2 protein chains.
Amino acid sequence: MKRIEPRVLKGFRDFLPENQRRRIDLQKQLEKTFRSYGFVPIDTPVLEYTEVLLGKGGGDTDKQIYRFQDNGGRDVSMRFDLTVPFARYMAAHRSELYLPFRRYHIDKVWRGENTQRGRYREFAQCDFDIVGPDSGEADLEILLLMRDALASIGIENISIRVAHRGLFNRFLSRLGVEDKSVEILRLVDKVHKIGREELSTQLTELVDSEKASAIISYISPQETGLKKPASSSENFSVIDMLEESAGGQDEDSSRLRYLFEQLEASGNGAAFRIDPSITRGLDYYTGVVFETFLEDLPSLGSVCSGGRYNDLAGLYTKESLPGVGSSIGLDRLIAGMEELGISGSKTAVCEVLILNFSPSLSGAYHRLARALRNAGISCEIFPEAKKLGAQFQYAEKKGIPYALIMGEEEHKRGTVNLKNITTRENEDDLTPSDAAERLRRYLSHP
Amino acid sequence: MKRIEPRVLKGFRDFLPENQRRRIDLQKQLEKTFRSYGFVPIDTPVLEYTEVLLGKGGGDTDKQIYRFQDNGGRDVSMRFDLTVPFARYMAAHRSELYLPFRRYHIDKVWRGENTQRGRYREFAQCDFDIVGPDSGEADLEILLLMRDALASIGIENISIRVAHRGLFNRFLSRLGVEDKSVEILRLVDKVHKIGREELSTQLTELVDSEKASAIISYISPQETGLKKPASSSENFSVIDMLEESAGGQDEDSSRLRYLFEQLEASGNGAAFRIDPSITRGLDYYTGVVFETFLEDLPSLGSVCSGGRYNDLAGLYTKESLPGVGSSIGLDRLIAGMEELGISGSKTAVCEVLILNFSPSLSGAYHRLARALRNAGISCEIFPEAKKLGAQFQYAEKKGIPYALIMGEEEHKRGTVNLKNITTRENEDDLTPSDAAERLRRYLSHP
């Protein structure tokens, strides 16, 4: 028989149990935090009409999309983010939903990207948005939730960098280059990758050298390198400078100032700083924009980014739906956590192995297992009566810390022996409930 | 501007928050049960080489597969179940895994099926398997886990029907029709849909009428209608009859007898019964096979089915990997639960709304919110200072049971007012920690 090589596609991955468990537990913890803020989950299909995902034209993104004709001749595509399907969802279900609508969505997306730079073609995103109000309170909440969500999975040492697109555009307009705003914002977005010198060169090609240097000094009113957050007074003096460059106070600068005042008032100023070099590449942001860097690993890039948009679902509905949202790049974040040795909770895959002496004792083993599970202890029964050495070896490989021993003799007496697999210590002739009680204590179950 | 209709593809679905939350919570509960049995999660890509999923030939299933050429010219397909990717996974990672290997996998699969009978083209599966031993103990464990997993989500009144493919084949061979075994098993698999009379007609076309009636009487040694499980003695007498029809005792009949003895011994006999009309359509089962029916809604069909296979990954590796596994049809199960009014836990989406009197109080609101969240209470702040009527209306729509009220006055005094949104009762001038304490009590938090 000709066998098939069990390979996976380039840019796709299998997850071994240890990794997958960490991913699931991370997602669960994030979910718990989102729910504690009143965010609700939604789900949308992986496949959609291409027209729905890309608009009538299709356009540039095309090459990165998994797009094909289904068996019914429909032009369909796999989703490449969670934002476009959310926009379509809001338009489709507007009458069934209430505003303000807070949603989270954690799931996979697909992009046929170049895999050379360690990028994957299948990866998980974690989005959360508040749709409805265009208010500083909503912006503030997303910023605080970013901080709390990351803290809940053990990531405390971060810097969330905030800027305002509207303010930047007002500055560009004052400089007389508002017609090149999209290109300029995209160029500035790359400054952390290409460096300030290269940015200056490219800006000079786009506008003149005087204006290029004005832009450079706007985005770096002080050193905006990836250092510890500025003190709160520094944030306010930067806002003053930006406001002045943009021609004085207005709604946008007031919004920024409001955000930093309330971050202070809520006792959360330290993780946040103004950084006018943050622009986000995407066109649809219109207000505050933000990115999050790990202080201990800034080279990783932003692990949680987003901003305010004034019209989420304009492609599908005439109702204007402003909102603010953010997205955690789960795969990048997990890579960063591994590099920093932040592993998340490290509980045993399974806590107890019940050794198998004879198939005829299966019923009794399952009674014992049930008693343990009811006490909150995970346990498994070795599923055939192999030599005990092989059974112990299995427990060690899987990382199971305890074994329970019940042969014919013990079964008759109604007792079990408890073995610590690491230390090899035994405690013999325990009643099952006594064994369960000790295990709960050893495993520090509540 | 020409707008795009926000439609979804036929056979695909959006999930509204209430439904999606129920789905997530159901999955979490199942996961908890699987983990309590020592099962570990894995993940595989949604897209695979078509050759890997379908084998060299492709074959019949082709029409139901979402198959296309990716931008690199590769012939790829979306997974149509979780078993084939698992087989590929075991072959690819054999050296990194230990046997016996217990895995679970809950995720979506895609099939371009006819949507007329309420079938979906995107749906969730929930698989669990023990790979390694060909033992009665492993079969037993899967059967008990099926029962426990369903019980953990509130489904207690079930009948798990068990048969043995090997025994049936031995009977067919004794009848001299072993060459038609595949067709016969597939026909018998349909008996609950087509009825016994139609089955008899179709069998008679395949074999002669005498043999057809022998088959009919093999699969119905007594009335096997969808009634309460037989008493344990009935199960054993059916095993005796089947054994006799198949030509006497052998490994297969002993395995069946062993299973029912141990189900009794573990105190779990009641939910299980022998039903020789269960065959499962799929070719790869070789040993026990089983299906699960809701006693209160048998017409739903099986909600959890599986069996033993003697070679999981033969397409990819020469190592023989026997196993036993089962799969919960989550979407069908959820539909059944809705019909029966088994809704799962019904907790509020969010427990407390903090009313917004002024943007200038945002920092204070977030301090209050943090105190509640730290006490395990989910809460949200209305994200703009709208009229109070609108804020209360929102709380009612979203089903939030309590509101906290803190205007400028209360803020100065350091107090809050607590309002029960359903009864409209107020408790005024509470300290924040007193309010949190009362909320924990009212919401019965542990």
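What percentage of the 446 residues of chain A count as buried? In this predicted model, the share that counts as buried is 47%.

**Figure 1. Overview of chain A, with its secondary structure and the extent of its C-alpha trace.** The secondary structure of chain A comes to 15 helices and 16 strands, and the C-alpha trace spans about 90 × 60 × 45 Å along its principal axes. When the contacts in chain A between residues at least 6 apart in sequence are considered, 69% of them join residues at least 24 apart.

**Figure 2. The open sheet of 5 strands in chain A, with the order 13-12-14-15-16.** The pairing in this sheet is mixed, and the twist averages 20 degrees from one strand to the next. Strand 13 (379-381) and strand 16 (426-430) of chain A each have a single partner strand and stand at the edges, so one side of each is left without a neighbour in the sheet. Strand 12 (residues 352-354) of chain A pairs with strand 13 of chain A in the parallel sense, over 3 bridges, and within this pair A:Ile354 stands opposite A:Ile381 of strand 13.

**Figure 3. Helix 12 and helix 15 of chain A, both shown where they pack on the sheet.** Helix 12 (residues 362-374) of chain A touches strand 12, strand 13, strand 14 (402-405) and strand 15 (416-420) of chain A, and the direction of helix 12 makes about 175 degrees with that of strand 13 of chain A. Helix 15 (residues 432-442) of chain A touches strand 12, strand 14, strand 15 and strand 16 of chain A, and the direction of helix 15 makes about 20 degrees with that of strand 15 of chain A.

**Figure 4. Strand 4 of chain A with strand 2 and strand 3, which pair with it in the antiparallel sense.** Strand 2 (residues 47-49) of chain A pairs with strand 4 (residues 75-78) of chain A over 3 bridges, and A:Leu47 stands opposite A:Met78 of strand 4. Strand 3 (residues 67-69) of chain A likewise pairs with strand 4 of chain A over 3 bridges, with A:Phe68 opposite A:Val76 of strand 4. The hairpin of strand 3 and strand 4 of chain A has 5 residues between the strands, and in this hairpin A:Gly73 takes a positive phi near 80 degrees.

**Figure 5. The cis peptide bonds that lead into A:Pro100 and B:Pro100.** Most peptide bonds are trans. In chain A, the bond from A:Leu99 to A:Pro100 is cis, with omega near -5 degrees, and A:Pro100 is found in the loop between helix 3 (83-93) and strand 5 (101-110) of chain A. In chain B, the bond from B:Leu99 to B:Pro100 is cis, with omega near -10 degrees, and B:Pro100 has its place in the loop between helix 3 (83-93) and strand 5 (101-110) of chain B.

**Figure 6. B:Asp429 and B:Ser444, two residues of chain B with a positive phi.** Most residues other than glycine have a negative phi. B:Asp429, which is not a glycine, has a positive phi of about 55 degrees and lies in strand 16 (residues 426-430) of chain B. Because 13 other C-beta atoms lie within 10 Å, B:Asp429 is partly exposed. Phi of B:Ser444, also a residue other than glycine, is near 50 degrees, and B:Ser444 is found in the segment after helix 16 (432-442) of chain B. With 6 other C-beta atoms within 10 Å, B:Ser444 is exposed, since a residue counts as exposed if 12 or fewer such atoms lie within that distance.

**Figure 7. The surroundings of B:Thr50 in helix 2 (residues 50-54) of chain B.** B:Thr50 is partly exposed, because 19 other C-beta atoms lie within 10 Å, whereas 20 or more would make a residue buried. Leaving aside neighbours within four places in sequence, B:Thr50 is in contact with B:Arg67, B:Asp75, B:Val76 and B:Ser77. The C-alpha atoms of B:Thr50 and B:Asp283, which are 233 residues apart along the chain, are separated by 20 Å.

**Figure 8. Helix 6 (residues 181-189) of chain B and its buried residues.** The buried residues of this helix are B:Ile184, B:Leu185, B:Leu187 and B:Val188. These residues cover an arc of only 160 degrees around the axis, and therefore they are on the same side of helix 6 of chain B. An α-helix has 3.6 residues a turn, so residues three or four places apart point the same way. The buried residues of helix 6 of chain B pack against helix 5 (165-174), helix 7 (191-194), helix 8 (196-206) and helix 9 (209-219) of chain B.

Key:
Residues are numbered from 1 along each chain as its sequence is written. Chains are lettered from A and ligands numbered from 1 in the order in which they are written. This is a predicted model: local features need pLDDT of at least 70, side-chain atom pairs count only at pLDDT 80 or more; totals for chains, interfaces and linings use all residues. Two strands pair if DSSP finds at least two bridges between them. Helices (H or I, at least four residues) and strands (E, at least two) are DSSP runs, numbered from the N terminus. Axes are lines fitted to C-alpha atoms, for helices over the stretch in contact, and angles run from 0 to 180 degrees between N-to-C directions. Two residues are in contact if their C-beta atoms, placed from the backbone, lie within 7 Å. The arc is that of the directions from the helix axis to the C-beta atoms.
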